[in-house]
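Subject: Structure for your review

Dear colleague,

I am handing over the structure we spoke about, and below it you will find my notes on what turned up when I went through it. Please read them alongside the coordinates.

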Amino acid sequence: MKTLVVIPGACRGCERCVLWCSFAKYGTHVPSRARIQIVKHDLDGHIVDQPVICLQCGLCMTACPTGAMRRNKAGAVVVDEEKCTGCGLCVMACPYGAVKLDPITGKAIKCDLCGGDPVCVKHCPFGALAFVELGEAVELRQLATVGGA
């Protein structure tokens, strides 16, 4: 099974991933509707850009009182808009800030891994995102921890 990972220190804050995500889902470049966000952190005067992604942990699925969230064949937690009431419990349950309510529909939106071919990864010019096997993801995260990133 594959997972989406952030390569620490590689993001330059261009937000192409954000724009491509919203375009892939809605046919328009609307960052507020993207399922990935870029957060800027100030570390002692040095700005660090950090993509916020869904790790597909399933906590949002557990919090959903209507059963609107389920896992698909690719292992991604997806939202059934017909069942979603927009209560926001999934948003509160997400420890990563990766689930939000769509500003147009009021329904939950989150990364669904684009059906197993994430558009954000394909369009990141700096290689800040990768879609890799779980074992490789663990190695990348361990290297980031050891390297101090």
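How much accessible surface does the protein have, and what percentage of that surface belongs to carbon and sulfur atoms? The accessible surface comes to about 8,100 Å², and 57% of it belongs to carbon and sulfur atoms. Please keep in mind throughout that this is a predicted model, and that the values below are computed from it.

Overall fold

The secondary structure comes to five helices and eight strands, which follow one another along the sequence in the pattern β-α-β-β-α-β-β-α-β-β-α-β-α. The radius of gyration is 15 Å, close to the 15 Å that the globule rule gives for 149 residues, so the protein is as compact as a globular protein of that length. Along the principal axes, the C-alpha trace spans about 45 × 30 × 30 Å. Buried residues account for 37% of the 149 residues, and among contacts between residues at least 6 apart in sequence, 55% join residues at least 24 apart.

The β2–β3 hairpin

Strand β2 (residues 37–43) pairs with strand β3 (residues 46–52) in the antiparallel sense, over seven bridges, and the two strands form a hairpin with two residues between them. At the turn end of this pairing, L43 stands opposite H46 in β3. D44, which is found in the loop between β2 and β3, has a phi near 55 degrees, a positive value in a residue other than glycine. Most residues other than glycine have a negative phi, which is the reason for pointing this one out. With a relative accessible area of 83%, D44 is exposed.

D49 in strand β3

Is D49, which is found in strand β3, buried or exposed? Its relative accessible area is 12%, and because the cut-off for buried is under 20%, D49 counts as buried. The side chain of D49 takes part in a polar contact of 2.6 Å with the side chain of K40, and the D49 side chain also reaches the backbone nitrogen of G13 at 3.4 Å. Leaving aside residues up to four places away in sequence, D49 touches C11, R12, G13, I38, V39 and K40, so that list includes both of the partners just named.

A second positive phi

L113 also has a positive phi, near 60 degrees, in a residue other than glycine. L113 lies in the loop between β7 (108–109) and α4 (119–122), and it is buried, with a relative accessible area of 2%. The two loop residues therefore fall on opposite sides of the burial cut-offs, D44 being exposed and L113 being buried.

The aromatic pair

The structure holds one aromatic pair. The pair is formed by W20 and F23 and is edge-to-face, with 6.0 Å from centre to centre and 85 degrees between the planes. Because W20 and F23 are three residues apart in helix α1 (residues 16–26), they are separated by about one helical turn. W20 is partly exposed, with a relative accessible area of 32%, and F23 likewise counts as partly exposed, at 36% relative accessibility.

With best regards

Key:
Residues are numbered from 1 along each chain as its sequence is written. This is a predicted model: local features need pLDDT of at least 70, side-chain atom pairs count only at pLDDT 80 or more; totals for chains, interfaces and linings use all residues. Side-chain values use heavy atoms; hydrogens and water are left out. Two strands pair if DSSP finds at least two bridges between them. Helices (H or I, at least four residues) and strands (E, at least two) are DSSP runs, numbered from the N terminus. Buried means under 20% relative accessible area, exposed over 50%, partly exposed in between (1.4 Å probe, protein chains only). A polar contact is a pair of N or O atoms within 3.5 Å; within protein, one must be able to donate a hydrogen and the other to accept it, and residues adjacent in sequence count only if both atoms are side-chain atoms. Contact means heavy atoms within 4.5 Å. The radius of gyration is taken over C-alpha atoms; the globule rule is 2.2 Å times the number of residues to the power 0.38. Accessible areas come from the Shrake-Rupley method with a 1.4 Å probe; for residues, only the protein chains shown count as cover. Rings of Phe, Tyr and Trp (its six-membered ring) pair if their centres lie within 6.5 Å; planes under 30 degrees apart count as stacked, over 60 as edge-to-face and the rest as tilted.
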